[in-house]
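Trainee: Take one charged side chain in this model and go through it closely. Then work outward from there to the parts around it.

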Amino acid sequence: MCGIVGLFLKDRSLEPRLGDLLSDMLITMTDRGPDSAGLAIYGGAPAGRAKITVQSAQPEEDFEGLADALSEEGVEASVSRKSTHAVIELDARVLEGARAALAVIRPNLRVMGAGERVEIFKEVGLPKDVVTRFGIRAMAGTHGIGHTRMATESAVTTLGAHPFSTGADQCLVHNGSLSNHNNLRRSLIRAGMRFETENDSEVAAAYLTAEMEKGKDLGEALGSALSDLDGFFTFVVGTKTGFGVLRDPIACKPAVMAETERYVAFGSEYRALVNLPGIEEARIWEPEPATVYFWDHEKAA
């Protein structure tokens with residue numbers, strides 16, 4: 001049992017409140033998963049710039065002098081530390097080169113996510129503590145997703161926490177269990193995908209990344225997942241400009257959605273949504289089994 005939330009803003013005037021609203025939603029889901037928690041925030045970025053969010057078990061050692069070490073490798077970047085995480089901002093053209101350099105100069109760092117807009121923060125602990133530790137309430141953005149975990153099939157670790165990100169500006173949170181993840185993992189590795197954990201949810205994220213690399217948008221990739229993924233799942237997925245929801249054909253994991261002229265919201269339970277502005281006037285529904293729900297700031301839903 002885990003708790004997942006998501007918020008996609010249509011009204012730009014709400015963007016300064018994204019972190020605050022999403023934090024309240026996730027904290028409400030604490031009793032569904034007290035082991036670890038995480039959030040992905042999609043914020044603005046200057047044209048041509050990108051970000052890499054990294055995590056360290058020894059932040060004092062790994063983050064000290066990191067910008068200078070990258071510069072020595074030919075990567076000019078700024079580093080903003082947030083507790084055990086740091087956000088590295090750099091020219092988007094050197095993003096992959098920077099990731100390769102980090103593996104050499106700071107091999108103990110773990111990349112939580114990378115892209116033009118996403119920042120991902122996750123740690124062991126309660127949602128309220130994770131929110132405070134990383135200053136999530138002060139963060140602005142267009143959309144975001146969150147997860148609080150109750151571990152059932154793997155250890156309670158930072159890497160095992162959600163969201164999982166396996167592609168640029170793409171991440172996934174998951175409630176459920178996949179039964180064919182081992183076979184699918186082997187297939188994705190042969191196709192060139194890399195994995196940090198044995199978690200089945202990371203396989204789901206990598207599957208969607210691989211499908212989108214074939215030219216599919218998020219909605220199309222989620223549609224393909226219905227035939228290729230076995231098990232019980234509710235997914236909430238973020239991309240650079242998009243937000244998607246999918247439940248398996250049996251749909252035994254709880255889910256509720258709300259939509260107004262200002263936002264689309266998802267929660268494992270309705271109580272995650274009750275403090276959203278204008279929720280009294282929202283259209284509330286339970287997402288249908290085996291049905292793709294997909295919104296994108298750059299195209300019609």
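Mentor: Start with Asp20, which has a relative accessible area of 28%. That value falls between the limits of 20% for buried and 50% for exposed, so Asp20 counts as partly exposed. Keep in mind that the model is predicted.

The side chain of Asp20 meets that of Arg137 in a salt bridge, at 2.6 Å from N to O. This pair links distant parts of the chain: Asp20 belongs to helix H1, while Arg137 sits in the loop between helix H5 (127-133) and S8, 117 residues apart. Arg137 is partly exposed as well, at 34% relative accessibility. Side chains of opposite charge can pair when their charged atoms come close.

Helix H1, which carries Asp20, spans residues 18-28 and lies across strands S1 (3-9), S2 (36-42), S8 (143-149) and S14. The helix runs at about 155 degrees to S1. These four strands are part of an open sheet of seven strands with antiparallel pairing, in the order S7-S2-S8-S1-S14-S13-S15. The edges are S7 (118-124) and S15; each has a single partner strand, so one side of each lacks a neighbour in the sheet. From one strand to the next, the twist averages 10 degrees.

Within that sheet, strand S13 (residues 256-259) is joined to S14 by four bridges, and the two run antiparallel. Opposite Ala265 in S14 stands Ala258. Strand S13 brings in another charged pair: Glu259 forms a salt bridge with Lys10, and their closest N and O atoms are 2.6 Å apart. Here too distant parts of the chain are linked, with Glu259 in S13 and Lys10 in the loop between S1 and H1, 249 residues apart. Lys10 counts as partly exposed, at 36% relative accessibility.

A search of the whole structure finds 19 salt bridges. Asp31, Arg32, Glu269 and Arg271 are linked in a network of them. Another is formed by Arg49 and Glu89, whose closest N and O atoms are 3.5 Å apart. That pair again links distant parts of the chain: Arg49 is in strand S3 (residues 49-55) and Glu89 in strand S5, 40 residues apart. Both are partly exposed, Arg49 at 25% relative accessibility and Glu89 at 28%.

The loop between S14 (263-267) and S15 (283-285) holds Val274. Val274 is partly exposed at 36% relative accessibility, and together with Tyr270 and Ile284 makes up a nonpolar surface patch with about 240 Å² of accessible area.

Some backbone details remain. Most residues other than glycine have a negative phi, and most peptide bonds are trans. Ala290, in the loop between S15 and strand S16 (293-296), has a positive phi near 50 degrees. Ser83 has a positive phi of about 55 degrees, although Ser83 is not a glycine; its place is the loop between strands S4 (77-82) and S5 (85-91). Ala290 is partly exposed at 36% relative accessibility, as is Ser83 with a relative accessible area of 25%. A cis peptide bond joins His162 and Pro163, with omega about 5 degrees. Pro163 lies in the loop between S8 and strand S9 (164-167).

How values were computed:
Residues numbered from 1 in each chain as written. Predicted model: local features only at pLDDT ≥ 70, side-chain atom pairs only at ≥ 80, totals over all residues. Heavy atoms only, no water. Patch = residues over 30% accessible without salt bridge, like charges linked within 9 Å, V, L, I, M, F, W, Y side chains within 5 Å. Areas by Shrake-Rupley, 256 points an atom, 1.4 Å probe, with all protein chains shown as cover. Salt bridge = Lys/Arg side-chain N within 4 Å of Asp/Glu carboxyl O. Buried < 20%, exposed > 50% of the residue type's maximum accessible area, 1.4 Å probe, protein only. Pairing = 2+ DSSP bridges. Axes fitted to C-alpha atoms, helices over the stretch in contact; angles between N-to-C directions. Contact = heavy atoms within 4.5 Å.
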